[in-house]
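Work through the exercises below with the sequence and the 3D view open. Try each task before reading its solution.

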Amino acid sequence: MHYQPLTAQDKESMLHEIGASSFNDLLKGIPASLLNPTLTLPPALSEIEIQALLRNLGGRNKNVGNTASFLGGGSYEHFIPTAVSSITGRHEFYTAYTPYQPEAAQGTLQAIFEFQSLVAELMGLDVSNASHYDGSTSLAEAALLALRHTGRSKILVSEAVNPHYRQVLKTYLQGTSFTLEEFRFDAEGGFNRDAFFNKLNDDIAGVIFQTPNFFGVLEDLEGISDAVHAVGALLILNVYPTSLGALRTPGEWGADVAVGEGQPLGIPVQFGGPYLGLFATTRALVRRVPGRLAGLTEDKDGKRAFCLTLQAREQHIRREKAASNICTNQALCALAAGVYMSLMGKQGIKKVAELCMDRAHYLREKIAGLKGCRVALETPIFNEFVVHASQPFEVIEKKCIEKNIFPGIGLGKFYPGRENDFLVCATETKTREQLDLFVEVLSQC
Amino acid sequence: MLISKDDRLIFEKSSAGRTGAGLPTAFIAAKNPFKTLNPKFRRKEDAQFPEVAEPEIIRHYVNLSRKNFSIDTHFYPLGSCTMKYNPKLNEWAAAQEGFSQVHPHQPESTIQGYMHILYELEQFLKTMTGMDHFTLQPAAGAHGELTGMMLIHAYHHSRGDTKRRKVLVPDSSHGTNPATAALLGYEVVTLKSNARGRVDLAELKSHLDETSACLMLTNPNTMGLFESDILEITKAVHQAGALLYYDGANLNALLGIARPGDMGFDIVHLNLHKTFSTPHGGGGPGAGPVGVKAYLLPFLPHPLVEKTGSAYRWAAESKQSVGRVKSFFGNAGMLLRAYTYIVTLGIDGIKKISEDAVINANYLKEKLKDVLPVAVDEVCMHEFVLTLKAAKAKGIHSGDVGKRLLDYGYHAPTVHFPLVVDEALMIEPTESESRETLDLFIAALRQIAREIEESPELVLGAPWTMPIGRPDEVKAARNPILTYRDVVREREKNAKEPVASKP
């Protein structure tokens, strides 16, 4: 087997040196009834055969590269410069271990430090950690931080937060003494202020909003952080990082913790993972941050050096007293995001955000002109919006897919009763031809 | 000079007006929607990103990569981390557009190829572990543990058995075990190992009662020793009404040899980035599928793939499911790599993994035991633990030996773990290493053992040949500098500090 260098001769002589007459001698401590299980596995394939197999299986999937896709809802198709994968494909990065030996991992550590710096800039907050599994688990960790920090037991979350994320929150809190309460949104998708203020009280540990929310709407959070802080709770915002090149930051909204899905920053949609959970907060909460942090220090000669820091929060030191059980982060995805943000730079990150708005507004206006489709033109959005159709989305989806278009995400499966509504996303990757074709196909639905 | 001396941050290479990316133009420039947006939604200050052109960015990151050890450049005898070779074919597979460009919200009919892979991978994992069902959703080992503990909680509660508030873990366990149990509000009971480095049956039985929720166990344990009383252990735990959780970090020792399902474990998590060759990525992403016995199926997270005829679909959600532990279906790209690995090796190659890993570990142990004492000198499985306690009198700790190994071109073993061994060096060679590599490593450790006797300062001050010496971790924790803004602020603060005038 070409991944396994030991030959039969190697093994024979090594067993001899060990003092064993056969491999089975090494298994004497294992109860005999357990040995030699029957495995149902296929025989080995050659690389030629596997490439053919995988090309075939890959060919059985449609993808956003060979269609015109208007899918979003937590996973976004953005332009990824070729330079990103040329760096993440460096063997010294992707085959390295967690940087527990800082002297042998300065590359990874400095890259994480720069990633933290870039995320903090984007979020308008003081600190960022080295990442979590994805946006949804980052949000769950933020809720746990608020519960621990305040010593309270309730989280208040907007129903316009991504449904997957609310499901994950619910999963993380089940079986604990903590509870989750939701508040409503209005017809066009912004949160309902009365519903929110009615539920805000001093039992609440943390309040969660998403902006742009699941319906693509920019939430007007004016005055919210003051109200949340007045009852002694923390404000947690779930954000779309790309939007922050141009749009108001969690820091500017007065958030205590900002989380988000980092996939749009240079990571392919890749069927939902691996993704990148962003997690940023204020300096006041730094010692409560779950997960890894890279810090700058010096070596004994005064040379600039990076290491993992504040490790007293972590499981390998604290065991059952740790701030979370997290061991791995998503280092390679964080590297991709760091390279992406560096390539975009100060001008590019702003331009990508503006181009997203450009494509989405162009499309929204065209769809608004179609018979059988209604959109709210006045609602402030970033790059996603809801279309209210006069027929079930399923019908539209079927017709569009026949033309190699993914028209968006049906809202019926998340919000029963909304079977005619769907969420459309247009990023900077969409060409004018794709947008116009989509409108034409929709007009024939 | 092979390694660049340039230690500037990317921010310190910035010059106004540069960019590293070419972008298209707007379609409706005439009425730019950003300009007409209510100003309260706009950011007031631009993100202070660096402004650097592509060539400089590439040089920056390539030079950073050269400051790393990695499995493709160095041997990593890192115990319990299973640093095996990451096949290039797996990376090729993940980069194919038919996989990397698939959107997770696509309808079932357009993702049949990917669903086939998830379904098949589940079948492979089931047969290798002896479990009945798997969820592929958890993103890492610790995430799998969290999922597993949720399943245990949901199971007991579904039976109205709400008194079970204790989770038992051996003192040799991974730190994530007690941390995970605590996260769900369980009281952690630490079991003392016996003199043979294994679970002490009497100690275990003395803690088992109607308040025990589960025992979390790694087998072979972190000493690399098979729990030879495993059948008595699982029997005792089940008799007390508790469940058995298998931490799959050490599964690389057992493929085709023995299965946790047959041992009596109810729940298993696997680390695909260990046993199934997906890359560690400098600390993730991983993947931590969780397998269960049939009676726990209703509690598994959703979505789950099911096969009907030759087509695949998402199974209907069970009312008892613990819910979703992550958006979408898990780290699909990692699942695809693991699938590729398994079909490449096939049944014979899979069995050879553990056979070779166990032979390599025993060979190393046999050759090293006259250099440094083995914590428990018995036949080991895929790893073993040496102790450096004799050198302690000289002020040398196992961590120092790890640092010195870097100078010899080897990554440090896992040091100061497991906690049950004084001055532990935990060594796992994996099946990827040749005998010649092991012999060179043995020679290096032999040389370091000599240095401990003859020139301990060489070991104490190590490493000498890395891009940096040992970082001042106390300073890093006392005054955390975590972003470039902190660097700038610190610099300004120091510049402002008054300089004492000369007398």
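**Exercise 1: a domain interface in chain B**

Across the interface of domain 2 of chain B and domain 3 of chain B, the rule finds eight residue pairs in polar contact (both at pLDDT 80 or more). A polar contact is a pair of N or O atoms within 3.5 Å; within protein, one must be able to donate a hydrogen and the other to accept it, and residues adjacent in sequence count only if both atoms are side-chain atoms. This is a predicted model, where local features need pLDDT of at least 70, side-chain atom pairs count only at pLDDT 80 or more, and totals for chains, interfaces and linings use all residues. Residues are numbered from 1 along each chain as its sequence is written, chains are lettered from A and ligands numbered from 1 in the order in which they are written, and side-chain values use heavy atoms, with hydrogens and water left out.

*Task.* Describe the side of domain 2 of chain B that touches domain 3 of chain B by residue class, then locate the domains and find a salt bridge between them.

*Solution.*
- Step 1. Sort the residues. The side of domain 2 of chain B that touches domain 3 of chain B has eleven nonpolar, ten polar and three charged residues. Here Ala, Val, Leu, Ile, Met, Phe, Trp, Tyr, Cys and Pro count as nonpolar, Asp, Glu, Lys and Arg as charged, and the others, Gly among them, as polar.
- Step 2. Place the domains. Chain B has domain 1 (10-65), domain 2 (89-344) and domain 3 (353-460). These bounds come from an automatic or database domain assignment.
- Step 3. Count the contact residues. Domain 2 of chain B gives 24 residues and domain 3 of chain B gives 22 residues. Contact means heavy atoms within 4.5 Å.
- Step 4. Take the distance and area. The C-alpha centres of domain 2 and domain 3 of chain B are 30 Å apart. The two domains bury about 1600 Å² between them, with 62% of it on carbon and sulfur atoms. Buried area is the accessible area (1.4 Å probe) that two parts lose on being put together, summed over both.
- Step 5. Look for salt bridges. The rule finds two across this interface of domain 2 and domain 3 of chain B. It asks for a side-chain nitrogen of Lys or Arg within 4 Å of a carboxyl oxygen of Asp or Glu. Arg196(B) pairs with Glu378(B) in a salt bridge, with the closest N and O atoms 2.9 Å apart.

**Exercise 2: chain against chain**

*Task.* How many salt bridges are counted between chain A and chain B? Which helix gives the most to the side of chain A that touches chain B?

*Solution.*
- Step 1. The count between chain A and chain B is 13 salt bridges. Lys40(B) and Asp220(A) form a salt bridge, at 2.5 Å between the closest N and O atoms.
- Step 2. Helix H12 (residues 331-368) of chain A gives the most, with 26 residues. Helices (H or I, at least four residues) and strands (E, at least two) are DSSP runs, numbered from the N terminus.
- Step 3. By class, this side of chain A that touches chain B has 90 nonpolar, 57 polar and 41 charged residues.
- Step 4. The contact takes 188 residues from chain A and 202 from chain B. About 17200 Å² is buried between chain A and chain B, and carbon and sulfur atoms give 62% of that area.

**Exercise 3: inside chain A**

*Task.* Which three residues supply 26% of the area that domain 1 of chain A buries against domain 2 of chain A?

*Solution.*
- Step 1. Chain A is divided into domain 1 (68-80 + 346-443) and domain 2 (82-340).
- Step 2. Domain 1 and domain 2 of chain A bury about 2500 Å² between them, 66% of it on carbon and sulfur atoms.
- Step 3. The three residues are Ile80(A), Phe382(A) and Tyr415(A), which supply more than any other three residues.
- Step 4. One salt bridge is counted between domain 1 and domain 2 of chain A. The side chains of Arg374(A) and Glu188(A) meet in a salt bridge (3.6 Å, N to O).

**Exercise 4: two loop residues**

*Task.* Is Leu136(B) buried or exposed? Is Ser80(B) buried or exposed?

*Solution.*
- Step 1. Leu136(B) is in the loop between strand S1 (133-135) and helix H6 (141-158) of chain B. Its relative accessible area is 9%, so Leu136(B) is buried. Buried means under 20% relative accessible area, exposed over 50%, partly exposed in between (1.4 Å probe, protein chains only).
- Step 2. Not counting residues up to four places away in sequence, Leu136(B) touches residues including Leu118(B), Pro289(B) and Phe329(B).
- Step 3. Ser80(B) sits in the loop between helix H2 (54-65) and helix H3 (88-95) of chain B. Ser80(B) has 4% relative accessibility, so Ser80(B) counts as buried.
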